[in-house]
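Work through the following exercises with the sequence and the coordinates open beside you. Each task is followed by a solution that goes step by step.

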Amino acid sequence: MDRIDTYPTHVYNEFNMRPGRPYPFGATPVPGGINFSVFSHHADYCVLVLFKKGEARPFAEIPFRGMFTRPGTAEPFWGDFRIGNVFSMVVFDLNYEEIEYGFRMGASQPKVERGKPGLHRFDTSQVLLDPYARAIGGRDVWGQTPDWDKPYPHRGRIVYDDFDWESDRPLEIPTEELVVYEMHVRGFTRHPSSGIKHPGTFAGLREKIPYLKELGVNCIELMPIYEFDEFEGSRTHPETSERLFNYWGYSTVGFFAPKAGYAATGSAQDGTMVADELMTLVKDLHKNGIEVMLDVVFNHTAEGNEFGPTISFRGIDNVTYYMLTSDGYYFNFSGTGNTLNCNNPVVRGMVLDALRYWAAEYHIDGFRFDLAAILGRDQNGAPMLNPPLLEVLAHDPVLAKCKLIAEAWDAGGLYQVGSFPAFGRWAEWNGKYRDTLRRWIKGEGGLVSELALRLQGSPDLYASRGPTASINFITCHDGFTLMDMVSYNDKHNEANGENNNDGANDNNSWNSGWEGETEDPEIKTLRFRQVKNAFALLMVSQGVPMLLMGDEMGQTQHGNNNMYCHDNEISWLDWNLLEKNPGLFRFFKNCIAFRQEHQVFHNRWHLHSQDYMGSGYPDISWHGVRSWQPDWSEQSLMLGFMLDGKHARGGLGEDNSIYVFTNTYWEGHDVELPRLPEGQRWHVFANTGAPETEDVWEPGTEPALSDQSNLFVGARSVVILVAK
Amino acid sequence: MPFKSVLEIVNNVAKITLSGELDAAAAPAFRADVEKAAEAKVKAVALQMSSLEYMASAGLRALVFAKQKMGTQVEIYMIGLQESVRETITMTGFQNSVTFLDEYDASKIEGV
């Protein structure tokens, strides 16, 4: 049966229309036309502006309220396509592939000049991007210099959302089984050495799925892929004349649109095709058992402060979308100029709508929220005990199985690691894990007790939430790579053109004896060992491990710890390193496989240091040079622990027992091993102090130790044993 | 060049020759030919595409429509694609629904 609402009721110039539906917001294909719907509390004037794709001037401007005629007559009458604060109408007979759209909004307030404070910033001369645009044109091919004189640079496009997902759905891998790989879509394959057909794109990432599978990760976390402007803040390096970009993309233009410049199909200027390419990537990753998590930036937008460009939100409803001081300046808790007003009910709704859209339409498995502490601030910036946005996300039915991960701090000084309002759902990037492990690996004393907590999933921070609240990482996009962490004491950010003033100063790194590149074989050997030490400890920690793209092959940024602006060979993953450092890749791959094979690492709840299974061993026990005698003193630089296989997954699983010993002394030590039950023997899975050919074994092929009582653990080494 | 779709049914195979640009405006003409082929209950569809210059997202959808309309047992062959069209189909994942051929292969398509 045909619908009866697919016929026009109003005519404006040559366009046939009818009142639209407020929901969903944005531009939605409907039978015969497109439903446009946009919110503004304070605008009393709204016009839909339509462009032929790429053209500077619009071909139509259609008001949401004004004088219309009825179809087939010339009789004018007043029409108002608005319900509440939502302007919505259906325009028929538009070719969705060929048009771009935006809005003009106005109100009776006087125009606020650029650079001046103001609560409302309506300006009818501006064409505004739809906050709900599902595709955005204007930066279709990465790095292609835009026509700066072109009006309305970021344009809404229509997505025909009928992708054929077949039977795909989000994987819902239990959080405790995840191994997360943080990556930059462009940087992953842009380097010429990637050897693929579509470098730097979603399609290129898809070509590398076999590599991810071989490495063994089961979740990739994509640095921002919402549409952003790589030319935002773009500048030329004063000395090298190199163009610096907004490469990372932590500055959102549109929360519902994938970055067109990340699509190999971006040049077709077809929003649906860009969406298809990304959806195909997600579908194929899922087919290969790999989840997709998005790093999402809801704390601010690309519009900056009162000097920034008017793209969308500030021209649609400035006072709703942004946190403003009473005299109309932008709060800057993000450190980037503005702060999205996330706990305004309308903005909260937009954040929720966006996440639901990505979960439902793109089958995204989880989200990591950049500077998430901001999401818990009220409209005046004060932290709330019970932030409604965080609560609503935690309990949302569509997001119910999505992983929600907070970067639990912001640039306004709010640090909530361990205290982020979790509502039983939220996990956190555990900054304390990173700092403790880094300091331990470089050989700092006074850490052994804290190390024990971090290895257990930080029960001091997440007592009631369990280890899966802890996303354990030693490196991420922010800061040094793992190889640089053991090669540099200090940051070397001169290439960023900010006199080395940008980037963190507290890197907790040690250069192993020489600052930067060296041919000294001893130092090089030590660095590789230190990298392996770090990764080995990450892989045997309770909680959810995350590694940074390229660490598995020794990627370097030459001491730069803030690569946000580099779209070049320093930031792109150099695939030649795989051939150069095969031993490192082998070590990483086997450690991931070992972790995945052993349920003792997959505990949903914290360990108790007790034997509640009657196995004769506690679930976790601590050891020193003498077994059962850990040295908790300030001077101690050694610690051993044993995970009892009978207590795997709280006793619900059955596994081998595992013994781990970490020594950060500059000398090796003989270590007494805990005695095993009759019939079992210790086998060595990894020993970073051994020559590279024997420093790790494929799980299942571990050789038995000839001496079951004592083991020599080399200087600055980690040993992992498995009982069989 | 405007889009053109020409259908002929021979030996239980629907041969559709496409030329020009297959976009949202052109897709209905192609879909109409697909429907005719489906009514004729052919066992395969051979899309001669060497003169097809461009395919937009609506064109890609027309391929899925063809597959859905015909049923999974009916093979869809795409013959002589221009590189850019082939790339578009591959990058967006639609190659899973079809088989690419460089030229018409009667033994494969007609089973003779």
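The exercises below concern a predicted model, and they go from domains and chains to sheets, helices and single backbone angles.

**Exercise 1. Domains of chain A**

Task: Determine into which domains chain A is divided, and describe the contact between domain 1 and domain 2 of chain A.

Solution: Begin with the bounds, which place domain 1 at residues 10–157, domain 2 at 176–599 and domain 3 at 606–723 of chain A. Next take the C-alpha centres of domain 1 and domain 2 of chain A, which lie 34 Å apart. The contact draws on 39 residues from domain 1 of chain A and 40 residues from domain 2 of chain A. On the side of domain 1 of chain A that touches domain 2 of chain A, strand 12 (residues 135–137) of chain A gives the most, with three residues. Sorting that side of domain 1 of chain A by class yields 17 nonpolar, twelve polar and ten charged residues.

**Exercise 2. The contact between the chains**

Task: Establish how many residues each chain gives to the contact of chain B with chain A, and which elements of chain B give two or more residues to its side.

Solution: Counting by chain, the contact takes 13 residues from chain B and 18 residues from chain A. On the side of chain B that touches chain A, the elements that give two or more residues are helix 2 (57–70) and helix 3 (83–91) of chain B. Of the elements on this side, helix 2 of chain B gives the most, with five residues. The division by class for the side of chain B that touches chain A is seven nonpolar, four polar and two charged residues.

**Exercise 3. A five-stranded sheet in each chain**

Task: Work out the strand order and the pairing of the open sheet that contains strand 30 of chain A, then do so for the open sheet of five strands in chain B.

Solution: In chain A, the five strands follow the order 26-27-28-32-30, with antiparallel pairing. Strand 26 (620–623) and strand 30 (682–687) of chain A are the edge strands, each pairing on one side only. Neighbouring strands of this sheet are turned by 20° against each other on average, with direction ignored. As for the edge at strand 30 of chain A, five bridges join this strand to strand 32 (residues 717–723) of chain A, and the two run antiparallel. Within this pair, His683(A) has Val722(A) in strand 32 of chain A as its bridge partner.

In chain B, the open sheet has the order 1-2-3-4-5, and its pairing is mixed. Strand 1 (4–10) and strand 5 (99–101) of chain B stand at the edges with a single partner strand each, so one side of each is left without a neighbour in the sheet. The twist from one strand to the next averages 20°. Strand 2 (residues 13–22) and strand 3 (residues 44–55) of chain B run parallel and are joined by nine bridges, and Glu21(B) stands opposite Tyr54(B) in strand 3 of chain B. Helix 1 (residues 27–39) of chain B lies across strand 1, strand 2 and strand 3 of chain B, and runs at about 10° to strand 1 of chain B.

**Exercise 4. Two helices of chain A**

Task: Classify the arrangement of helix 6 and helix 7 of chain A as roughly parallel or roughly antiparallel, and list the residues that make their contact.

Solution: The axes of helix 6 (residues 345–361) and helix 7 (residues 388–395) of chain A come within 10 Å and cross at roughly 25°. Because angles under 35 degrees count as roughly parallel, helix 6 of chain A is roughly parallel to helix 7 of chain A. The crossing of helix 6 and helix 7 of chain A is right-handed. From helix 6 of chain A the contact uses Arg348(A), Val351(A), Leu352(A) and Leu355(A), and from helix 7 of chain A it uses Pro388(A), Leu389(A), Val392(A) and Leu393(A). By class, this contact has seven nonpolar, no polar and one charged residues.

**Exercise 5. A hairpin and unusual backbone angles**

Task: Describe the hairpin of strand 3 and strand 4 of chain A, and find where Pro24(A) and Asp93(A) lie.

Solution: Strand 3 (residues 26–30) and strand 4 (residues 33–39) of chain A run antiparallel and are joined by five bridges, with Pro29(A) having Ile34(A) as its bridge partner in strand 4 of chain A. Two residues lie between the strands of this hairpin, and Gly32(A) in the turn has a positive phi of about 85°.

For the remaining angles, keep in mind that most residues other than glycine have a negative phi, and that most peptide bonds are trans. The peptide bond from Tyr23(A) to Pro24(A) is cis, with omega near -10°, and Pro24(A) lies in the loop between strand 2 (15–19) and strand 3 of chain A. Asp93(A), although not a glycine, has a positive phi of about 60°, and its place is in the loop between strand 10 (86–92) and strand 11 (99–106) of chain A.

How values were computed. Residues numbered from 1 in each chain as written. Chains lettered and ligands numbered in written order. Predicted model: local features only at pLDDT ≥ 70, side-chain atom pairs only at ≥ 80, totals over all residues. Domains from an automatic or database assignment. Contact = placed C-beta atoms within 7 Å. Helix = DSSP H or I, 4+ residues; strand = E, 2+ residues; numbered from the N terminus. Nonpolar A, V, L, I, M, F, W, Y, C, P; charged D, E, K, R; others polar. Pairing = 2+ DSSP bridges. Axes fitted to C-alpha atoms, helices over the stretch in contact; angles between N-to-C directions. Parallel < 35°, antiparallel > 145°, perpendicular 65-115°, else oblique. Left-handed = near helix turned anticlockwise from the far one by under 90°.
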